[in-house]
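Morning, everyone. Please take a look at the structure on the screen before I start.

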Amino acid sequence: MADKNQLPTITHRQQVAKSNLFAIEQIDLTFSNGEKRQYERMIGSGRGAVMIVPMLDDETLLLVREYCAGTHSYLLGFPKGLIDQGEQPQQAANRELQEEIGYGSEQLYQVSELMMAPAFFNAKMTIFLAKQLYSAELEGDEPEPLEVVSWPIKDYKELLQQPDFTEARSIAALMLVRDFLEN
């Protein structure tokens with residue numbers, strides 16, 4: 001019987017496409033039971049990303065409404081971004097806050113780490129709760145100013161019903177932060 005914890009052996013790998021954001025790699029695998037398969041996976045920068053749930057006070061969440069090219073729509077979610085070369089996740093979180101909502105944070109709590117689409121993409125996102133916000137702006141890379149939206153955390157169920165609050169990472173971050181705050 002094959003060992004369920006034994007990773008398949010990569011017998012060949014080849015880059016089949018590349019963009020500014022990621023590369024696509026084709027890998028040939030041999031599983032512990034002898035089965036052979038070919039997979040494709042996206043390769044990111046390897047540095048990961050951050051998402052921050054900022055709280056203006058103990059009752060108020062801050063979200064951003066921004067353009068999302070994948071759905072060609074404006075969606076409501078939490079500030080997020082890639083970790084830059086040489087940055088720690090906490091530094092990236094504080095930078096993204098300043099770029100996207102015009103606040104820094106004196107208290108950043110790492111709440112969780114999520115894997116995004118692990119079947120075909122090795123991308124980790126670290127979720128932070130940001131408290132004790134202070135006014136601080138940095139220029140970001142967004143093509144237009146982001147709309148900052150405040151929302152009472154006690155009304156999270158109504159937020160979950162909003163037709164433009166559908167991004168799974170933001171929903172997961174909201175629920176993780178709610179649990180974090182309750183404990």
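I will go from the whole chain to one helix, and then to one residue.

First, a caution. This is a predicted model. Every value I quote is computed.

Start with the overall layout. The protein chain holds three helices and ten strands. How do the elements run from the N terminus? The order is β-β-β-β-β-β-β-α-β-β-β-α-α. Along its principal axes, the C-alpha trace spans about 55 × 35 × 35 Å.

Next, burial and surface. The protein chain has 183 residues, and 39% of them count as buried. Its accessible surface comes to about 11,200 Å². Carbon and sulfur atoms hold 50% of that surface.

Now contacts along the sequence. Take the contacts with a separation of 6 or more. Residues 24 or more positions apart make up 55% of those.

Charge is quick. The protein chain carries 16 positive and 28 negative charges. The mean positions of these two sets lie 9 Å apart.

On to helix α1. It covers residues 89-100, twelve residues in total. From its first C-alpha to its last, α1 reaches 16 Å. That is close to the 16 Å expected at 1.5 Å a residue.

Is α1 largely enclosed or largely open? Largely enclosed, because nine of its twelve residues are buried. Here buried means under 20% relative accessible area. The buried residues are A92, A93, N94, R95, E96, L97, Q98, E99 and E100. Look at the letters: the charged residues R95, E96, E99 and E100 are on that list.

A word on helices in general. An α-helix has 3.6 residues a turn, so residues three or four places apart point the same way.

What do the buried residues of α1 pack against? Strands β4 (49-57), β5 (60-68), β7 (80-82), β8 (103-115), β9 and β10 (147-152). After α1 comes G102, with a positive phi near 80 degrees.

Last stop, Q132. This residue sits in strand β9, residues 124-135. β9 is one of the strands that the buried residues of α1 pack against.

Buried, partly exposed or exposed: which label fits Q132? Partly exposed, because its relative accessibility is 43%. The partly exposed class lies between the 20% and 50% cut-offs.

Which residues does Q132 touch? Leave aside its neighbours within four places in sequence, and Q132 is in contact with G104, S105, E106 and Q107. Those four fall within the β8 range, 103-115.

One more pair. Q132 and D57 are 75 residues apart in sequence. In space, their C-alpha atoms are 7.4 Å apart.

That's my tour. Questions, please.

Terms used
Residues are numbered from 1 along each chain as its sequence is written. This is a predicted model: local features need pLDDT of at least 70, side-chain atom pairs count only at pLDDT 80 or more; totals for chains, interfaces and linings use all residues. Side-chain values use heavy atoms; hydrogens and water are left out. Helices (H or I, at least four residues) and strands (E, at least two) are DSSP runs, numbered from the N terminus. Buried means under 20% relative accessible area, exposed over 50%, partly exposed in between (1.4 Å probe, protein chains only). Contact means heavy atoms within 4.5 Å. Accessible areas come from the Shrake-Rupley method with a 1.4 Å probe; for residues, only the protein chains shown count as cover. Lys and Arg count as positive and Asp and Glu as negative; His and the chain ends are not counted. The place of a charge is taken as NZ of Lys, CZ of Arg, CG of Asp or CD of Glu. The expected span of a helix is 1.5 Å times one less than its number of residues.
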